[in-house]
Amino acid sequence: YPEFSVPVTDRGDDTYTVSVVLNRYLMERLLLTFNYLYIRNVSDYYQNRKDLYTFNKNMYILSLTYTF
């Protein structure tokens, strides 16, 4: 795990986020929702010759909502 107690100076991060939401009513009160989230973080900080803060993350969420 990264050492968070060490103060980081001159660290620069660039974060990119893309989000897509699709909704579809299956019935009058039943809603199906699909969410997609992409996150990319690019960091210039290295610890022990490892870039611990650059990553890509994909999240897929499917939900069903009934309103009454």
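Visitor: Does Y60 count as buried, partly exposed or exposed, and at what relative accessibility?
Guide: This is a predicted model, and the term rests on the relative accessible area of the residue. Exposed means over 50%. Y60 is therefore exposed, with a relative accessibility of 57%.

Visitor: How many helices and how many strands are there in the chain?
Guide: Read along the sequence, the pattern is β-β-β. The count for the chain is accordingly 0 helices and 3 strands.

Visitor: In what order do the strands form the open sheet?
Guide: The pairing in this sheet is antiparallel. β1 (13-25) and β3 stand at the edges, each with a single partner strand, so one side of each has no neighbour in the sheet. On average, and with direction ignored, neighbouring strands are turned by 10° against each other. The order in the sheet is β1-β2-β3.

Visitor: Over how many bridges do β1 and β2 pair?
Guide: A hairpin of 4 residues joins β1 to β2. Among the bridge partners, N23 is matched with T33 of β2, and T15 is matched with N41 of β2. The two strands pair in the antiparallel sense, and the number of bridges is 13.

Visitor: How many bridges join β2 to β3?
Guide: One of the bridge pairs sets Y38 against N58 in β3. β2 and β3 run antiparallel, and the number of bridges that join them is 12.

Visitor: Why is the pair of Y36 and Y60 tilted?
Guide: The structure holds 4 aromatic pairs. A pair of aromatic rings is described by the distance of the centres and the angle of the planes. For Y36 and Y60 the centres are 5.1 Å apart and the planes stand at 40°. Planes under 30 degrees apart count as stacked and those over 60 as edge-to-face, so with an angle of 40° this pair is tilted.

Visitor: How many residues apart in sequence are the parts that the pair of Y36 and Y60 ties together?
Guide: Y36 lies in strand β2 (residues 30-43), while Y60 lies in strand β3 (residues 55-66). The pair therefore ties together parts whose separation in sequence is 24 residues.

Visitor: Which residues form one aromatic cluster?
Guide: Y36 and Y60 have already appeared as an aromatic pair. The cluster is made up of F34, Y36 and Y60.

Visitor: What is the relative accessible area of F68, which forms an aromatic pair with Y66?
Guide: The rings of Y66 and F68 are stacked, at 6.4 Å centre to centre and 20° between the planes. Y66 counts as partly exposed, at 47% relative accessibility. F68 is exposed, and its relative accessible area is 82%.

Visitor: Is N41 buried or exposed, and at what relative accessibility?
Guide: N41 is found in strand β2. Not counting residues up to four places away in sequence, N41 touches D13, D14, T15, Y53, T54 and F55. Buried means under 20% relative accessible area. N41 is therefore buried, at 6%.

Visitor: Which backbone oxygen does the side chain of N41 reach?
Guide: Y53 is among the residues that N41 touches. The side chain of N41 comes to 2.7 Å from the backbone oxygen of Y53.

Visitor: What percentage of the residues of the chain count as buried?
Guide: The accessible surface of the chain comes to about 6,000 Å², and 55% of this surface belongs to carbon and sulfur atoms. The chain has 68 residues, and the share that counts as buried is 15%.

Technical notes
Residues are numbered from 1 along each chain as its sequence is written. This is a predicted model: local features need pLDDT of at least 70, side-chain atom pairs count only at pLDDT 80 or more; totals for chains, interfaces and linings use all residues. Side-chain values use heavy atoms; hydrogens and water are left out. Buried means under 20% relative accessible area, exposed over 50%, partly exposed in between (1.4 Å probe, protein chains only). Accessible areas come from the Shrake-Rupley method with a 1.4 Å probe; for residues, only the protein chains shown count as cover. Rings of Phe, Tyr and Trp (its six-membered ring) pair if their centres lie within 6.5 Å; planes under 30 degrees apart count as stacked, over 60 as edge-to-face and the rest as tilted. Two strands pair if DSSP finds at least two bridges between them. Axes are lines fitted to C-alpha atoms, for helices over the stretch in contact, and angles run from 0 to 180 degrees between N-to-C directions. A polar contact is a pair of N or O atoms within 3.5 Å; within protein, one must be able to donate a hydrogen and the other to accept it, and residues adjacent in sequence count only if both atoms are side-chain atoms. Contact means heavy atoms within 4.5 Å.
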